[in-house]
Structures are given as C-alpha cells and as structure tokens.
Amino acid sequence: MALWQDPKVGIPGDVVVRLATVTAEVTQRMAELAVSGGLALLSIGTGRLMLDSAYRDLGDEAKESTVHHDLAA
C-alpha cells in the first residue's frame, strides 16, 4: 500500500479544511500588503517627483532674481 493511501497517515478532513482556510487568509493578507506597499511607494515616488519639480521651479526663479555683489575684504 502506498503511503498516501494508508489511513493511519492521512490527515483528518477538518484539519485539512482548517489548513486550507488559514492558507487562503495568509495569501489574501500578503496580497493586500503587496498592493498597499506598491501604492505607498507609488505615492511617495510621485510626491518626490512633484517636490523635485517644485524645488527646480523655485530654484530657477531664485537664480534669476538673486543679485550677487562682490564683497571687499
């Protein structure tokens, strides 16, 4: 008799159902974490791009309006 057909080695049905339920819940939670992590990275990246663009715009205006004077020692 093969090992998977031996009734002494088999896993009871309620344990199999419980293991399948736990596995499905863990898989669902991991998918939720992956999606929320991806969205967080996307929003951080977008915010950083917008911030860099704002700094660049402010920096250009500051360079044009800044008057440099030679200081005498």
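A residue counts as buried when its relative accessible area is under 20%, as exposed when that area is over 50%, and as partly exposed in between, using a 1.4 Å probe and protein chains only. With the whole chain selected, you will find that buried residues make up 0% of its 73 residues.

What you see is a predicted model, in which local features need pLDDT of at least 70 and side-chain atom pairs count only at pLDDT 80 or more, while totals for chains, interfaces and linings use all residues. Residues are numbered from 1 along each chain as its sequence is written, and side-chain values use heavy atoms, with hydrogens and water left out.

Next, select residues 13-65, which form helix α1; the chain has one helix and zero strands, where a helix is a DSSP run of H or I with at least four residues and a strand is a run of E with at least two, numbered from the N terminus.

Within this helix, pick R29 and E32, which lie three residues apart, about one turn of the helix. They form a salt bridge, their closest N and O atoms being 3.4 Å apart, and the term means a side-chain nitrogen of Lys or Arg within 4 Å of a carboxyl oxygen of Asp or Glu. By this rule the chain has one salt bridge. E32 is partly exposed, at a relative accessible area of 39%, and R29 is also partly exposed, at 47%.

Finally, move to V15, which belongs to helix α1 and is partly exposed, with a relative accessible area of 36%.
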